[in-house]
Amino acid sequence: GTVRSLTDFGAFVDLGGVDGLLHVSDMSWARVAKPEDVVKAGDTVEVKVLKVQGEKKKISLGLKQLQKDPWTVAAETIKEGDRVRGTVARLADFGAFIELLPGVDGLIHVSALSWSKKVRKPSDLLKVGELVEAMVQSVDLSAKKISLSLKQAVGDPWDEVTRLYPVGAVVEKPITSIANFG
């Protein structure tokens, strides 16, 4: 069909006398902010008919359905214990979403960001667009969830404590905080 017009929620595609709606959520497996990021008026597109509602005279179309589901690719390539690289896609109060593949995000929970720093919100440590390396903690393909850990990727600093600071060693470091008890 031919893209006839664009709206905030998608594109109307002329299928040869009847229009179908290509909703923004069916354009790509990756997040699409605006329909014009994917298609333009006048473009010829190959789409899949997802639903026909004859009584309402509506046809739902899909573009992403003609591509391989990225979660199928993720199932083949991302395993628990893997070290992965991705881009910070979104930040929330509870964690950071990391795009591992187009359409596949993993979550680094705020508690998995740092061993030593008290991180109140992910934006204290990460920025959208930043490339990060993390460890895969769990993969739940049926729920389409991947749990990641930034702190596991850098390693637990306590693993090196006895080697770096043996009993009796003299160490000179800056004071980081003062409390009533020490």
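This passage walks through how the strands pair up in a predicted model.

A quick word on ground rules: residues are numbered from 1 along each chain as its sequence is written. Because the model is predicted, local features need pLDDT of at least 70, side-chain atom pairs count only at pLDDT 80 or more, and totals for chains, interfaces and linings use all residues, while side-chain values use heavy atoms, with hydrogens and water left out.

Strands come from DSSP: they are runs of E with at least two residues, numbered from the N terminus. Two of them count as paired if DSSP finds at least two bridges between them. In general, strands of a sheet pair through backbone hydrogen bonds, either parallel or antiparallel.

One open sheet holds 5 strands, lined up as β1-β2-β3-β5-β4, and its pairing is mixed. Its edges are β1 (2-7) and β4 (48-53), each of which pairs on one side only. From one strand to the next, the twist averages 30° (axes are lines fitted to C-alpha atoms, and angles run from 0 to 180 degrees between N-to-C directions). Inside this order, β2 (residues 10-14) and β3 (residues 19-23) run antiparallel and share 5 bridges. Here V13 sits opposite G20 of β3.

Further along the chain, β6 (residues 83-92) has two partners to look at. With β7 (residues 95-101), β6 pairs in the antiparallel sense over 5 bridges, and the two make a hairpin with 2 residues between them. Across that pairing, V88 faces I98 in β7. β6 also pairs with β9 (residues 131-140), again antiparallel and over 5 bridges, and there R85 stands opposite E133 of β9.

Note on methods
Helix = DSSP H or I, 4+ residues; strand = E, 2+ residues; numbered from the N terminus.
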